[in-house]
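Please open the model in your viewer and keep the sequence panel beside it. The tour below moves from one selection to the next and says what is there at each stop.

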Amino acid sequence: MALALMLQGTLVHRGKEALAKAGLFALPLFAVVLTAMMMSVYGKDASRYIVFDPLVILMTLAIGFHLAHWSRPVRFSARNLSAFYLFALSAAFLVRWTVVLASDNKAEILANPFHGYLYLVLISFTIAWNCCIILMCNESAHTKATDIANTDPLTRLPNRRSFEVILNQSIESARRETNRFALALIDLDEFKQINDRHGHPTGDQMLVEFAQRLKRHARTTDFVARLGGDEFVMIIRDAENPQKLSSIIERLKPYLNGTVLLNNDVPVEIRVSIGGAIWPHDGEHPREILRHADMRMYEDKRVHKMRG
């Protein structure tokens, strides 16, 4: 039952909520069936292991399978280490089950020194597995804390802090490889009026919708973040000259502009102003490239106002 609960917790940990909920409802029935099976074979010999060990093997393999990261190459992690010890534990139980199944005198197995050594192995693997669970919880907490620190809570895009780190990394990488990259600063026009007219919940929903739209139409090589308020930014990896950057921005605008239906089918018009800058043409320091992008974004905004 402890392993069954561990499996249920592992499914929750890996985000498989529906499967975990179904398993939780099945636990009482599993407990009744398990108790009946164990009572039917329980005695002073090792016959009970014929029923017990296959159940343990199935549980440990299932938990290990859901914990393991099947990435190539396999990155060392507490989850993978925990899964390894679970698979080793499954193998140890399989050895005992095979020995018991193949034995003619099951009463003698309990007195056999091999059985004592096997118990030592099982206990060692169980202790190692528990240590890995502690490491896994610590790793999970660290990952969650890092995610909170680097992610905008409303749009789930990287936040300003994350953007500054990526921008500095992009500059260092471009210097080493003598490449260029561009930065596009994106601002929602008349966002304050939308908040005043429809309320902040509608404004928040508009920001979420716009963030999804921006992420959906950005290329896989681009980095998208929310700087705060109605201001977003893109780091464009392969824009090597102003003409190419301008072409990318003009292709992006039709996807970002347009009407969206928000709360209670409220139609809200999205209009964006975008200003671009290229490293190192518009400055080698992060502040310089951001300042040039900001100036061009406000130029784009003035053009929109003149056009009405």
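In which loop is the place of Arg-156? Select Arg-156 in this predicted model, and you will be in the loop between helix H6, which covers residues 113–150, and helix H7. The backbone here deserves a look, since Arg-156 has a positive phi of about 65 degrees although it is not a glycine. With a relative accessible area of 48%, Arg-156 is partly exposed.

**The whole chain**

Now zoom out and colour the protein chain by secondary structure, which comes to eleven helices and six strands. The radius of gyration is 29 Å, well over the 19 Å that the globule rule gives for 308 residues, so the chain is more spread out than a compact globule. Along its principal axes, the C-alpha trace spans about 95 × 50 × 25 Å. Of the 308 residues, 40% count as buried, and among the contacts with a separation of 6 or more, 65% are accounted for by residues 24 or more positions apart.

If you switch on the surface, you are looking at an accessible area of about 17700 Å², of which carbon and sulfur atoms hold 61%. Colouring by charge will pick out 36 positive and 31 negative side chains, and the centres of these two sets lie 3 Å apart.

**From helix H7 to a second positive phi**

Next select Ser-162, which is found in helix H7, residues 160–177. Ser-162 counts as buried, at 13% relative accessibility, and, if residues up to four places away in sequence are not counted, Ser-162 touches Asn-150 and Phe-223.

Move on to Glu-190, whose place is in the loop between strand S1 (181–188) and helix H8 (191–198). Phi of Glu-190 is near 55 degrees, again a positive value in a residue other than glycine. Is Glu-190 buried or exposed? Glu-190 is exposed, with a relative accessible area of 57%.

**Strand S6 and the cis peptide bond**

Select Ile-278, whose place is in strand S6. Ile-278 is buried, with a relative accessible area of 2%. Leaving aside neighbours within four places in sequence, the residues in contact with Ile-278 include Arg-180, Phe-181 and Ala-182, together with Ala-239, Glu-240, Asn-241 and Pro-242. Also among the contacts of Ile-278 are Leu-245, Gly-283 and Ile-289. For a distance to draw in the viewer, take Ile-278 and Arg-176, which are 102 residues apart in sequence and 16 Å apart in space, C-alpha to C-alpha.

Then select Trp-279 and Pro-280 as a pair, and look at the peptide bond from the one to the other, which is cis, with omega near 5 degrees. Pro-280 lies in the loop between strand S6 (272–279) and helix H11 (286–307).

**Two loops of the earlier helices**

Go to Arg-14, in the loop between helix H1 (2–13) and helix H2. At 29% relative accessibility, Arg-14 counts as partly exposed, and, with neighbours within four places in sequence left aside, Arg-14 is in contact with His-66, Leu-67, Ala-68, His-69 and Arg-79. The C-alpha atoms of Arg-14 and Asp-204 are separated by 29 Å, with their positions 190 residues apart along the chain.

Asp-45 is the next selection, in the loop between helix H2 (17–41) and helix H3 (48–67). Asp-45 is partly exposed, with a relative accessible area of 25%. Apart from residues up to four places away in sequence, Asp-45 touches Lys-106, Ala-107 and Leu-110. How far apart are the C-alpha atoms of Asp-45 and Arg-219? They are separated by 65 Å, for two residues that are 174 residues apart along the chain.

**The cysteines**

Finish with the sulfur atoms, for which a search of the whole structure finds zero disulfides. Why is there no bond between Cys-131 and the closest cysteine sulfur, in Cys-132? The sulfur of Cys-131 is 6.9 Å from that of Cys-132, too far for a bond, because a disulfide requires a pair of cysteine sulfur atoms within 2.5 Å. Select each in turn to compare their surroundings: Cys-131 is partly exposed, with a relative accessible area of 43%, whereas Cys-132 counts as buried, at 3% relative accessibility.

Methods. Residues are numbered from 1 along each chain as its sequence is written. This is a predicted model: local features need pLDDT of at least 70, side-chain atom pairs count only at pLDDT 80 or more; totals for chains, interfaces and linings use all residues. Side-chain values use heavy atoms; hydrogens and water are left out. Helices (H or I, at least four residues) and strands (E, at least two) are DSSP runs, numbered from the N terminus. The radius of gyration is taken over C-alpha atoms; the globule rule is 2.2 Å times the number of residues to the power 0.38. Buried means under 20% relative accessible area, exposed over 50%, partly exposed in between (1.4 Å probe, protein chains only). Contact means heavy atoms within 4.5 Å. Accessible areas come from the Shrake-Rupley method with a 1.4 Å probe; for residues, only the protein chains shown count as cover. Lys and Arg count as positive and Asp and Glu as negative; His and the chain ends are not counted. The place of a charge is taken as NZ of Lys, CZ of Arg, CG of Asp or CD of Glu.
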